[in-house]
Amino acid sequence: MNKLFIKKYLFYTIFGILVGLVVGGLDTIFGIVLIQISEIRDKLMPLIALFLPFIGIFITLMYKNFGKNSIKGMNLVFSVANDNKKEEIPRRLIPFVVISTWLTHLFGGSAGREGVAVQIGATFSNSFGKILLKYIDLDWSKEKKIIISTGMAAGFAGLFGTPMAATIFALEVLTLGLLDYTALFPALVASFTAYGTSTFLGLPHFHIDIRSIPEMNFKNIVLVVIASLFFSIVGMSFAILLKLFKVKSQKLFSSPVKRIFYGGIIVSVLIILFWNGRYSGLGTNLINQSFGITDGKIYYYDWILKLLLTVLTLSIGFQGGEVTPLFAIGASFGVFIAGFIGLPVMFLAAIGYSAVFGAATNTFLASFLIGIEVFGYKMAPFLFLGCAISYLFSGEVSIYSEQKKMNPKI
């Protein structure tokens, strides 16, 4: 065991713990405030949604005048991690993405939160890593991707409470067809530390055991495969429409201010018309109803309206993530097709929750692991099958436009 090997393990042990502690704390602040904001929004609907277009102007001007290149968000993180030497992640990205996401949710936009958590983690680890490497004889250009991946893992784990999935997500998502294990150790340390930190500080995480699991036989395997083909179409459709809406909106309104204002008017009207805010925010209401945690019915159109409103909200310039809405879309779509497929409702909702996420992000192992961590290990065989089929047949389009394409799926 040479000195460089020992030095790197010592460095990444300390680095992973520190990143996990700080990012787990930041995730907790962001997540708890977001929960409180969502409760305020629900009480003030529909009036508060009328101000969404004007908040959109504020967000756009804030980024334009003071945000530097942080408006690029997740694509900036991917670009820097994949060694674009012309790009840098500014520290100001953290307050900008947090504040703009809070505002998007408060005023009724349909968006997620994972993008924020991952950006928080990547930005902090990138800046902190640069500082530490000044005092340690390690090459920044060689360690940069590992350092950013470590922060991405911490951000995901701290917010969602799924450290195994977070670790693999950070290794798997940057490049399609390549699982890069060089960041495994620090990502593992940081993700479990961030998870422990956010849990200790009181950030709630969604976990539920699925008790009605069918027998693993030929008939049920075929039924899960059929359902998973539909899940792959849903996830792929989300990614395709997100890309399409962004291109169309930019052609229609070259000015970002006009784009977010007029697009915000459309989102605001639709949010109010469609069940007075049912499709605002994260979509956790649909997730809770899908699994019987709260009272309420899942309707056959819930998944498509949540999909369209999330794509519209994000494509015109509002901030947030895509993953929690993808969970909601997958779960509610699973509830919808359960009657046709002939499998238990919550069982199929759980597979949809995981598989649609995997299809839209081109991540097989991360989607499988998040299903296990959220729904229990008894679901593992069916989750593995569902996530694999959904991943393989969803094409290579992704919600992350800067995701590198290294190897084809088939």
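In the predicted model, the side chains of R278 and D302 form a salt bridge, with an N to O distance of 2.8 Å. R278 belongs to the loop between α10 and α11 and D302 to helix α12, so this pair ties together parts that are 24 residues apart in sequence. Both R278 and D302 are buried.

A search of the whole structure finds 7 salt bridges, and two further examples are described here. E88 and K130 meet through their side chains at 2.5 Å, N to O. Because E88 lies in the loop between α3 and α4 while K130 lies in helix α5, the pair joins parts that are 42 residues apart in sequence. E88 has a relative accessible area of 42% and is partly exposed. K130, at 29% relative accessibility, also counts as partly exposed.

The other example is the salt bridge between K144 and D83, whose closest N and O atoms are 3.2 Å apart. This pair links distant parts of the chain, with K144 in helix α6 and D83 in the loop between α3 and α4, 61 residues apart. K144 has a relative accessible area of 9% and is therefore buried, the limit being under 20%. D83 has a relative accessibility of 38%, so this residue counts as partly exposed.

Helix α6 also takes part in enclosing internal space. The structure holds 1 cavity of 30 Å³ or more, and the volume of the largest cavity is about 40 Å³. Its lining consists of K145, I146, S149, A170, L171, D180, T182 and A183. Two elements, α6 (140–160) and α7 (163–172), give two or more residues to this lining. The greatest contribution comes from α6, with 3 residues. Sorted by class, the lining of the largest cavity has 4 nonpolar, 2 polar and 2 charged residues.

Helix α7 is mostly covered, with 9 of its 10 residues buried. The buried residues of α7 are P163, A165, A166, T167, I168, F169, A170, L171 and E172. Of these, A170 and L171 also appear in the lining of the largest cavity. The buried residues of α7 pack against α5 (114–133), α6, β1 (175–176), α8 (184–200), α14 (345–361) and α15 (364–375).

Open pockets were examined as well. The largest pocket has a volume of about 1000 Å³. Its lining comprises 42 residues, and those closest to its centre are I71, K72, N75, K246 and L314. Two or more lining residues come from each of α2 (52–66), α3 (74–81), α5, α9 (218–252), α10 (256–273) and α12 (302–315). Helix α9 gives the most to this lining, with 6 residues. By class, the lining of the largest pocket has 17 nonpolar, 15 polar and 10 charged residues.

The second largest pocket contains about 580 Å³ of space. It is lined by 28 residues, and I35, R113, L282, T284 and N288 lie nearest its centre. At least two lining residues are supplied by each of α1 (3–44), α6, α11 (284–290), α13 (323–341) and α15. Helix α1 gives the most to the lining of the second largest pocket, with 6 residues. By class, this lining has 13 nonpolar, 10 polar and 5 charged residues. Helix α6 thus recurs in this description: α6 carries K144 of the salt bridge with D83, gives 3 residues to the lining of the largest cavity, and supplies at least two residues of the lining of the second largest pocket.

Definitions and conventions
Residues numbered from 1 in each chain as written. Predicted model: local features only at pLDDT ≥ 70, side-chain atom pairs only at ≥ 80, totals over all residues. Heavy atoms only, no water. 1 Å grid on protein atoms, 1.4 Å probe; cavity = no way out; pocket = protein on both sides within 12 Å on 5 of 7 lines; lining within 4 Å. Points joined across faces, edges and corners; volume = space filled by probe spheres on them. Helix = DSSP H or I, 4+ residues; strand = E, 2+ residues; numbered from the N terminus. Nonpolar A, V, L, I, M, F, W, Y, C, P; charged D, E, K, R; others polar. Buried < 20%, exposed > 50% of the residue type's maximum accessible area, 1.4 Å probe, protein only. Contact = heavy atoms within 4.5 Å. Salt bridge = Lys/Arg side-chain N within 4 Å of Asp/Glu carboxyl O.
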